[in-house]
Amino acid sequence: HASRSNQSGDQGRAQASSEYGTRQSLSDIGDTAPFLDILPQAELTPKVSQALQALMSQNDRLRRDLNQSKARLAELEEIADTDPLLPVLNRRAFVRELTRIMSFAERYDVHASMLYFDLDNLKAINDRHGHDAGDAALNHVVRLLTNNVRASDAVGRLGGDEFGVMLARADL
């Protein structure tokens, strides 16, 4: 279609493109407009080209904003689901995964197992050696748990020193 356009139309599109400062050239609009059934090539005046270019620029900005919002949402979901101290699911996210795995197991008649860990004497470690030592002990336990489960399993902190592990498709 661009080869059919007249020279003055191309100049008008180039001028509009520089006014709006966008990535797409207005000769692209000449190709896009008929494709989108907006206008026949002959009716694509410089003024219409400018309006289409403005809409395309706004569409590009909106797409960028949407992608940024999606990335931020994913980041916030990660923060909302992760324990603030340890790299495992928090209680709320663990219960959600527990419900999901239980529903899957029931629906497809497969096994699932849940393990519950309650660390003894963590308070004594905190009292005797400080909270940094207690945090290090918790991190050590989390590393042991997460390094020994599959990606399909869920590890979560249920309370201060309580952990759950949900094993999908695992019997006793």
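Which residue stands opposite Ala-154 in β3? Met-166 does. The notes below take up the strands, cores and side-chain pairs around this position.

1. Confidence. This is a predicted model. The protein chain has an average pLDDT of 83, and 77% of the residues reach at least 70. Taken by element, the lowest mean pLDDT, 44, belongs to helix α1 (residues 7–20), and the highest, 98, to strand β2 (residues 154–157). The pLDDT is below 50 over residues 1–23; this stretch nevertheless has 31 contacts in the model beyond near neighbours in sequence. I would read those contacts with the pLDDT of the stretch in mind, which is below 50.

2. Strand pairing. β3 (residues 162–168) pairs with two strands, as follows. With strand β1 (residues 112–118) the pairing is antiparallel, over seven bridges. On this side Phe-117 is placed opposite Phe-163 in β3. With β2 the sense is also antiparallel, and four bridges join the two strands. The connection from β2 to β3 is a hairpin of four residues. Six of the seven residues of β3 are buried, and the strand is thus mostly covered.

3. Main core. The largest nonpolar core has 13 residues, of which Leu-86, Leu-138, Leu-145 and Phe-163 touch the most other members. Both α6 and β3 supply at least two residues of this core. The most comes from α6, which gives four. This arrangement can be set against a general tendency: nonpolar side chains in soluble globular proteins tend to be buried together.

4. Leu-86 and its surroundings. Leaving aside neighbours within four places in sequence, Leu-86 is in contact with Leu-138, Asn-139, Val-142, Arg-157 and Phe-163. The list includes Arg-157, a residue that returns in point 7 as a salt-bridge partner.

5. Second core. Another core, of seven residues, lies apart from the largest one; among its members are Phe-94, Leu-98, Met-166 and Ala-168. Met-166 is the residue opposite Ala-154 in the opening question.

6. Val-142. This residue belongs to helix α6 (residues 131–146). Val-142 counts as buried because its relative accessible area is 1%, where the cut-off is under 20%. Not counting residues up to four places away in sequence, Val-142 touches Leu-86, Pro-87, Val-88 and Phe-163. Its C-alpha atom is separated by 8.9 Å from that of Gly-156, which is 14 residues away along the chain.

7. Salt bridge Asp-83 to Arg-157. The model has seven salt bridges by the rule used. In one of them the side chains of Asp-83 and Arg-157 meet at 3.0 Å, N to O. The pair links distant parts of the chain, since Asp-83 is in the loop between α3 and α4 and Arg-157 is in strand β2, 74 residues apart. Both ends are covered: Asp-83 is buried, with a relative accessible area of 10%, and Arg-157 is buried at 14% relative accessibility.

8. Salt bridge Asp-81 to Arg-92. Here the N to O distance is 2.7 Å. Arg-92 lies in helix α4 (residues 91–108) and Asp-81 in helix α3 (residues 46–81), so this salt bridge ties together parts that are 11 residues apart in sequence. The two ends can be described separately: Asp-81 is buried, with a relative accessible area of 17%, whereas Arg-92 is partly exposed, at 47%.

9. Salt bridge Asp-127 to Lys-123. The side chains meet at 2.9 Å, N to O. Both residues lie in helix α5 (residues 122–129), four residues apart, or about one turn of the helix. Asp-127 and Lys-123 are both exposed. Elsewhere, salt bridges with shared partners join Asp-81, Arg-92 and Arg-96 into one network.

10. Aromatic pair. The whole structure yields one aromatic pair. Its members are Phe-104 and Tyr-108, in a tilted arrangement with 4.8 Å from centre to centre and 45 degrees between the planes. Both lie in helix α4, four residues apart, about one turn of the helix. Phe-104 is partly exposed, with a relative accessibility of 31%, and Tyr-108 is partly exposed too, at 47%.

Note on methods. Residues are numbered from 1 along each chain as its sequence is written. This is a predicted model: local features need pLDDT of at least 70, side-chain atom pairs count only at pLDDT 80 or more; totals for chains, interfaces and linings use all residues. Side-chain values use heavy atoms; hydrogens and water are left out. pLDDT is the predictor's confidence in each residue, from 0 to 100. Contact means heavy atoms within 4.5 Å. A salt bridge is a side-chain nitrogen of Lys or Arg within 4 Å of a carboxyl oxygen of Asp or Glu. Buried means under 20% relative accessible area, exposed over 50%, partly exposed in between (1.4 Å probe, protein chains only). Two strands pair if DSSP finds at least two bridges between them. Rings of Phe, Tyr and Trp (its six-membered ring) pair if their centres lie within 6.5 Å; planes under 30 degrees apart count as stacked, over 60 as edge-to-face and the rest as tilted. A nonpolar core is a set of buried Ala, Val, Leu, Ile, Met, Phe, Trp, Tyr and Cys residues joined through side-chain atoms within 4.5 Å.
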